[in-house]
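This report is meant for a reader meeting the structure for the first time. It takes up the domains, then the ligand surroundings, and then a sheet with the helices beside it.

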Amino acid sequence: MNLSAAAQAAILERESELAQRYARSRALLDRARRVIPGGFHLSGRPLVDDHTTPLYFEGGKGALVRDADGHEYVDFLMAFGAYLLGYARPEVNAAASEQAGRGSLLSLNHSFHVQLVEALLPRLPGAEMGAFFKTGSEATTAALRIARAYTGRRLVVRAGYHGWHDWCLPLESYVPRGLDAQVLEFQANDPGTLQRVLADHGKDVAAVILAPEMVLPFEPAVFHELVRLTHLHGALFVMDEVKTGLRIEPGSACERIGLVPDVITVSKALANGWPLAFTAGKRHVMQAAAGMHYSATYHGDTAAMAACLATLDVVAAEGTRGHVERLGQRLIDGLNELVRELDVPAQAYGEPLSAMPFFRFTYPEPAQGALMTRLFYREVLARGVLLHPRHLWFICGAHTSQHIEETLATCREALLASLQLVRA
Ligand SMILES: Cc1ncc(COP(=O)(O)O)c(C=O)c1O
């Protein structure tokens, strides 16, 4: 993209203004680089770059977070979806703290383990038995281990992000050799790609695992076809609802589609910031997990379970899922109206549904899209709204219509400021 000399100078000047705004964040990063490989964990990567956007945060309450330099933001990242109700929800934290006070991790079993599973099963279609974990990566890994045990087959076919474990990164040089021959991929939007993989390997495939946000637009017929093909070849269908499960109406993507998976994984909407994940499925499938080794020292932690039980109560009492979808749709509609009005090539959409919105520029020239992305998100952040340029966003129960309207006004200002910079 050809920028005038004046535009280049204006952009540089704005960058140095912004660098002063985040001085403390930057100083913390300098320290971190000496002791943390890369300076941050992967989810803590800079939103745009390490000097023009905030990197360190110190506290959150409801829909708001405060950065290390003292700026406040309306947060639409919600710790990558870990907060369905908003930060520091009092009822949830009180339940978890009370449980911590009683000794939250005891040596063997606790009645909360049974209570939690009994509370979650009726909320997930087809789920008759379940096991609890701490992270989504663990839940998906366990789902596939169970599928292998049940079918006696070894291969899996996947579409989506399912976590950080070796099997999720089969082509990287740092994972055991040969994983790429055991973990195959298909294009979620194109059942023909699954059909071809299964035609070649079907008799060895234990499971097809799909994250529903990969099917865009969210088209029930596509899901049904993927399930049909999977079952035709005797494999299990695992729906990875780590993001969507218990977040979207009426409770999961599966329920919305009218689909009963063999196994389902859920995590992020469970316990409002407390680490918990769950793998559940049909009784005859899940029985294969009896006696299987997938346990870890902290799985039995009941503080997160108490947080989950409290979260489920609040979500039911407040109708949170309807709320986040309605506000998400307003944000999407407002952004699309804005870019139409300003004649900017961009699109907002639900990924896959409105509770998880996203916005991207659609300039035909990639460099122009990349530049506008950098400028726009910097300007949004500098005006006190935390939107992520590369990861889908999450609406929470603490967002209000006023937050959404203010965010739309902020996006308008940020877009105009960005256009002014490139047109200088
Ligand atoms: C669909 C899906 N599956 C699995 C995971 C992995 O979860 P975690 O990061 O808790 O290990 C994620 C995380 O974003 C996810 O979105």
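In this predicted model, the centres of domain 1 and domain 2, taken over C-alpha atoms, are separated by 29 Å. Domain 1 is made of two stretches, 5-86 and 320-422, while domain 2 covers 90-318. Where the two domains touch, domain 1 contributes 17 residues and domain 2 contributes 18 residues. On the side of domain 1 that touches domain 2, at least two residues come from each of α3 (78-81) and α12 (320-341), and α12 has the largest share, with 5 residues.

The ligand is surrounded by 14 residues, of which T135, G136, S137, G163 and V242 come nearest. Helix α6, which spans residues 136-151, gives the most to this shell, namely 3 residues.

The table sets out the classes of residues at three places in the model.

| Place | Nonpolar | Polar | Charged |
|---|---|---|---|
| Side of domain 1 that touches domain 2 | 9 residues | 5 residues | 3 residues |
| Shell around the ligand | 4 residues | 8 residues | 2 residues |
| Contact of α5 with α11 | 8 residues | 2 residues | no residues |

The last row of the table concerns two helices, α5 (residues 111-120) and α11 (residues 302-318), which pack at an angle of about 35° with their axes 10 Å apart. The crossing in which α5 passes α11 is left-handed. From α5, the residues F112, Q115, L116 and A119 take part in this contact, and they meet T302, M305, A306, C308, L309 and L312 of α11.

Helix α5 also lies across two strands, β4 and β10, and runs at about 120° to β4. Both strands belong to an open sheet of 7 strands with mixed pairing, whose order is β4-β10-β9-β8-β7-β5-β6. Because β4 (129-133) and β6 (183-185) stand at the edges and have a single partner strand each, one side of each is left without a neighbour in the sheet. Between neighbouring strands of this sheet the average turn, with direction ignored, is 20°.

How many bridges join β4 to β10? There are 5 bridges between β4 and β10 (residues 277-281), and the two strands run antiparallel. Within this pairing, F133 has A277 of β10 as its bridge partner. In general, the strands of a sheet pair through backbone hydrogen bonds, and the pairing may be either parallel or antiparallel.

Terms used
Residues numbered from 1 in each chain as written. Predicted model: local features only at pLDDT ≥ 70, side-chain atom pairs only at ≥ 80, totals over all residues. Domains from an automatic or database assignment. Contact = placed C-beta atoms within 7 Å. Helix = DSSP H or I, 4+ residues; strand = E, 2+ residues; numbered from the N terminus. Nonpolar A, V, L, I, M, F, W, Y, C, P; charged D, E, K, R; others polar. Near = placed C-beta within 6 Å. Axes fitted to C-alpha atoms, helices over the stretch in contact; angles between N-to-C directions. Left-handed = near helix turned anticlockwise from the far one by under 90°. Pairing = 2+ DSSP bridges.
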